[in-house]
Amino acid sequence: MSLRRKTRKVIVGDKQHGFVGIGGNAPVALQSMTSTYTYDIDATVKQINALHAAGADLVRVAVPDKEDTAALKEILNQVKIPLIADVHFHFERALEAIEAGIHKIRLNPGNIKDRPKVEKVIAACKERGIPIRVGANEGGIVERGNKSQRAEEMAALEHDYKGQMTAIMVEKLEEYLRIFADADFYDVVLSAKSVDPEIVLAAYSECSRRFDFPLHLGVTHAGPPETGRIRSVVALGALLAQGIGDTIRISYAADPVFEIEDGRELLQVLGLRLRTEPELIACPTCGRIEIDLISMMAEVRRRLKEIPVPVKVAVMGCVVNGPGEAEGSDVAVFAGKHRGVIYVQGEQVATVTEGEMLDRLFDEVRKFAAKVQRGEATLKNQKVDIKPPDPIGELGSGWEKIRKEKGLSLPVAR
Ligand code: SF4
């Protein structure tokens with residue numbers, strides 16, 4: 001991991017909803033957007049609270065109409081997390097949202113044609129200390145109003161689509177930022193989103209070289225989680241690993257709680273957010289598996305949700321990688337011949353049958369979690385002295401077993 005890129009810091013929130021920093025020394029903030037009609041107060045509050053409970057730091061709501069901004073005051077009364085108003089086309093929505101007490105505005109100056117209108121929004125935000133995210137999205141970036149400029153941009157895109165699209169996005173951001181600089185307003189977060197991870201990588205890398213504003217990372221229209229996950233994580237993960245990015249939103253065509261779950265996991269695996277829930281390590285299984293590990297997984301995940309500390313649990317199918325993972329986990333089981341050996345921080349505590357394995361594993365996980373809560377045990381304090389031959393005994397080590405089965409000699413290490 002590279003060091004985090006130094007940026008300005010903006011603060012989003014108030015006393016009632018909490019304060020969230022974006023940029024500077026603040027941890028990478030996790031956000032999502034509601035999929036409800038904002039005027040439907042009950043549905044919107046319910047979804048915001050679900051996102052908050054899942055780990056969101058910020059939630060954005062769309063305010064296409066006056067009835068949406070009219071609902072904001074009551075929504076803000078009922079939630080405890082800072083909210084962002086997503087404004088397109090109508091600068092009045094931004095002013096109404098600011099009046100209602102919104103904590104941040106997302107604005108696309110490209111679709112608010114008159115500069116004085118953008119300036120009015122900037123002035124209102126400046127007066128109340130509300131930051132603005134200025135975004136350039138691939139989908140709406142090519143000029144539509146000015147015919148000759150549109151023809152010029154379209155011709156450039158034909159020649160080298162990705163390179164030119166990146167250039168246009170960065171250029172538009174620069175153009176928008178001039179309006180903000182002229183108003184002496186620097187509480188700005190930038191975004192340059194695309195559906196194409198390559199463009200996202202190039203555009204944000206360029207933005208990070210040119211501007212010191214915090215960056216909101218995202219891949220737009222990524223699709224459902226099944227297909228959008230890789231698209232999002234490949235771009236956002238690569239940028240975050242290079243120290244680029246101050247807040248992220250993963251976008252899925254699904255319940256937005258999935259966006260927070262995946263975003264949180266991404267930040268945790270990159271070491272950018274402290275893990276708060278248990279971590280599960282499990283082998284993918286292979287021809288050496290001797291228990292029904294895949295069927296067990298759903299139940300392991302369900303039971304882990306009830307564990308209140310971020311204990312690391314490994315469930316391994318055989319002795320090949322079992323000892324290694326047992327060494328690195330707080331509680332581990334590795335199986336063989338329909339039996340499992342359970343370890344707690346590297347110490348063998350039980351050998352059980354396949355039928356007993358799940359209950360005993362969770363007995364040990366619960367006991368260990370309770371010890372951590374009482375301050376009698378520390379997480380990730382594993383002993384590293386588990387060595388094959390495996391303690392199941394008759395299996396022998398993985399290589400030994402394979403060699404015997406195939407009548408081969410052990411491979412020689414080079
Ligand atoms: S732990 Fe064993 S069963 Fe699981 S994938 Fe590795 S070798 Fe295969």
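The exercises below, each followed by a worked solution, concern a predicted model.

**Exercise 1. The sheet with parallel pairing**

Determine how many strands form the open sheet whose pairing is parallel, which strands lie at its edges, and how strand 6 is joined to strand 7.

*Solution.* Begin with the strand order, which reads 8-7-6-5-4-3-10-9 for an open sheet of 8 strands with parallel pairing. Next, look for strands that pair on one side only; these are the edge strands, namely strand 8 (188-193) and strand 9 (216-219). Then consider the twist: neighbouring strands of this sheet are turned against each other by 25° on average, direction ignored. Finally, turn to strand 6 (residues 104-107) and strand 7 (residues 132-137), which pair in the parallel sense over 3 bridges; leucine 107 stands opposite valine 134 of strand 7. As background, the strands of a sheet pair through backbone hydrogen bonds, in either a parallel or an antiparallel manner.

**Exercise 2. Helix 5 against helix 6**

Classify the packing of helix 5 and helix 6 by angle and by handedness, and state which residues meet.

*Solution.* First take the geometry: helix 5 (residues 147-159) and helix 6 (residues 161-182) pack at an angle of about 140°, and their axes are 6 Å apart. Angles over 145 degrees would count as roughly antiparallel, and those from 65 to 115 as roughly perpendicular; helix 5 and helix 6 are therefore oblique to each other. As for handedness, the crossing of helix 5 with helix 6 is right-handed. The residues that meet are Gln149, Glu153, Ala156, Leu157 and His159 from helix 5, and Tyr161, Gln164, Met165, Ile168 and Lys172 from helix 6. Sorted by class, this contact comprises 5 nonpolar, 3 polar and 2 charged residues.

**Exercise 3. The sheet with mixed pairing and its helices**

Describe the open sheet of 5 strands, and then work out how helix 10 and helix 12 are placed on its strands and against each other.

*Solution.* The order of this open sheet is 11-12-13-14-15, and its pairing is mixed. Its edge strands, each pairing on one side only, are strand 11 (279-282) and strand 15 (347-353), while neighbouring strands are turned by 15° against each other on average, direction ignored. Strand 11 and strand 12 (residues 312-316) run parallel and are joined by 4 bridges; alanine 282 has valine 315 in strand 12 as its bridge partner. Helix 10 packs on the sheet by touching strand 11 and strand 12, and its direction makes about 165° with that of strand 12. Helix 12 lies across strand 12, strand 13 (331-336), strand 14 (339-344) and strand 15, and runs at about 150° to strand 15.

For the two helices themselves, helix 10 (residues 293-304) and helix 12 (residues 354-374) pack at about 25°, with their axes 11 Å apart. Because angles under 35 degrees count as roughly parallel, helix 10 is roughly parallel to helix 12. Their crossing is right-handed. Helix 10 contributes Met296, Glu299, Val300, Arg303 and Leu304 to the contact, and helix 12 contributes Met357, Leu358, Asp359, Phe362 and Arg366. By class, 6 of these residues are nonpolar, no residue is polar and 4 are charged.

**Exercise 4. The ligand shell**

Identify which residues are around the ligand and sort them by class.

*Solution.* Reading along the chain, the residues around the ligand are Cys283, Pro284, Thr285, Cys286, Arg288, Ile289, Met316, Gly317, Cys318, Val320 and Asn321. Sorting this shell gives 7 nonpolar, 3 polar and 1 charged residues.

Notes: Residues numbered from 1 in each chain as written. Predicted model: local features only at pLDDT ≥ 70, side-chain atom pairs only at ≥ 80, totals over all residues. Heavy atoms only, no water. Near = heavy atom within 4 Å. Nonpolar A, V, L, I, M, F, W, Y, C, P; charged D, E, K, R; others polar. Axes fitted to C-alpha atoms, helices over the stretch in contact; angles between N-to-C directions. Left-handed = near helix turned anticlockwise from the far one by under 90°. Contact = heavy atoms within 4.5 Å. Pairing = 2+ DSSP bridges.
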